[in-house]
Amino acid sequence: MLPRGGREVFPRYRLVGYAGVTGAATLGRLGTGPLDSRVAEIERMAKPYAAGREIMPVVEVIATVVQGSPGRDGKYRVRLTDRQITAYHKAARKHRAVLLLNLQSGRSELITEAKAFRKWLKEPDVGLALDPEWPMDRGQRPGGAFGHTTGAELDEVGRYLSGLVKQYDLPEKVMVYHQVARSVVRKESGLKHDGVAMIKIGGWTRTSGPKKNTYRAVNKSKPAFVHAGFKLFFTEDRRNRGRLMTPPEVLGLTPRPEYVMYE
């Protein structure tokens, strides 16, 4: 069963979540203050987004984090330990939330990073979020260039999740892919797999007008069966006299977001 009942995510639920890593405030809301307090806060933040649906809180922890240096294996990324992920999983379960493991792969492969967390993906309340702007080609370094991925690479991860759902008789898995710009996801096709609720998140620029434009632009290539998500930044959206968009403004977007994520 899913944390709040049932085996399918949509159309019963609207997802609202926080992203980040504990202790790293620059990486998102989860990095500010005690973890349990942040996860409890999601419930309060989410209430105005119900709009006829039940709310499913989401804890999106960056489980594979890109690095500016290559590391021992030259992959420009580091993974959270099982002990670290256990803390997020316990907090998510306490508040009946879904835990998403966010993957920033560097010079590793998205499917390699997904398989590294098989132990966790066998759990009924754990899914994946992929950051396609972080996979790096040979000669590229995270922070020095935008990366990219393809529909085929995303599809491979979706197929892997679908296999786990079937093998272990799990409820539907959430799989998110973020898209900061149209160029970072190329040849967007496939992506439809039994047991996988696929979500595409847009809305990256920092002011409401450009955010709406980016959201519309990246959703032009979204397959009809992929659900829409929208991203808000607690700090960056407020810079230069900016502000956070309100829940009614977010829900007024087309397509209406089914996952609203705060970083």
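## Helix crossing, strand pairing and local features

The crossing of α1 and α2 is right-handed. The contact is made by Leu35, Asp36 and Val39 on the α1 side, and by Ala87, Tyr88, Ala91 and Lys94 on the α2 side. The two helix axes come within 10 Å and cross at roughly 40°, which makes α1 oblique to α2. As a word of orientation for the newcomer, the model described here is predicted. In the chain, α1 covers residues 35-46 and α2 covers residues 82-94.

The strands come next, and β2 is a good place to start. This strand spans residues 54-66 and is mostly covered, with twelve of its 13 residues buried. Which strands pair with β2? One of them is β1, which pairs with β2 in the parallel sense over eight bridges. Within this pairing, tyrosine 13 stands opposite glutamate 54 of β2. Another partner is β4, which runs parallel to β2 and is joined to it by six bridges. Two positions help to locate this pairing: valine 58 has valine 98 of β4 as its bridge partner, and valine 61 stands opposite leucine 101 of β4. A further partner is β3, formed by residues 77-79. Here the pairing with β2 is antiparallel and extends over three bridges, and the bridge partner of valine 65 is valine 78 in β3.

From β2 the path leads on to β4, at residues 98-103. This strand is also mostly covered, and six of its six residues are buried. Val98, Leu100 and Asn102 point one way from β4, while Leu99, Leu101 and Leu103 point the other way. The residues of both groups are buried. Besides its bridges to β2, β4 pairs with β5 in the parallel sense over five bridges. Strand β5 consists of residues 126-130, and its glycine 127 stands opposite leucine 100.

Beyond β5, attention turns to glutamate 133, placed in the loop between β5 and β6, the latter at residues 149-150. Is glutamate 133 buried or exposed? Its relative accessibility is 6%, so it counts as buried, the cut-off being under 20%. Glutamate 133 and glutamate 60 are 73 residues apart along the chain, and their C-alpha atoms are separated by 17 Å.

A second glutamate also merits a closer look. Glutamate 258 lies in the loop between α7, at residues 247-251, and β11, at residues 259-262. With a relative accessible area of 12%, glutamate 258 falls under the 20% cut-off and is therefore buried. What does the side chain of glutamate 258 join through a polar contact? The partner is the side chain of histidine 227, at a distance of 2.6 Å. Leaving aside residues up to four places away in sequence, glutamate 258 touches Phe10, Arg14, Leu15, Arg53, His227 and Ala228.

One of these neighbours, Phe10, leads to a feature of the backbone. Phenylalanine 10 is joined to proline 11 by a cis peptide bond, with omega about 5°. Proline 11 is located in the segment before β1, which covers residues 13-20. A cis peptide bond also joins threonine 254 and proline 255, where omega is about -5°. Proline 255 sits in the loop between α7 and β11, where glutamate 258 is also placed.

Positive phi values complete the survey of the backbone. Alanine 51, a residue other than glycine, has a positive phi near 45°. Its place is in the loop between α1 and β2. Since partly exposed residues fall between the 20% and 50% cut-offs, alanine 51 belongs to them with its 41% relative accessibility. Arginine 96 is not a glycine either, yet its phi is positive at about 55°. This arginine is found in the loop between α2 and β4. At 45% relative accessibility, arginine 96 likewise counts as partly exposed.

How values were computed: Residues are numbered from 1 along each chain as its sequence is written. This is a predicted model: local features need pLDDT of at least 70, side-chain atom pairs count only at pLDDT 80 or more; totals for chains, interfaces and linings use all residues. Side-chain values use heavy atoms; hydrogens and water are left out. Helices (H or I, at least four residues) and strands (E, at least two) are DSSP runs, numbered from the N terminus. Buried means under 20% relative accessible area, exposed over 50%, partly exposed in between (1.4 Å probe, protein chains only). A polar contact is a pair of N or O atoms within 3.5 Å; within protein, one must be able to donate a hydrogen and the other to accept it, and residues adjacent in sequence count only if both atoms are side-chain atoms. Contact means heavy atoms within 4.5 Å. Two strands pair if DSSP finds at least two bridges between them. Axes are lines fitted to C-alpha atoms, for helices over the stretch in contact, and angles run from 0 to 180 degrees between N-to-C directions. Angles under 35 degrees count as roughly parallel, over 145 as roughly antiparallel, 65 to 115 as roughly perpendicular and the rest as oblique. A crossing is left-handed if the near helix is turned anticlockwise from the far one by less than a right angle, and right-handed if clockwise.
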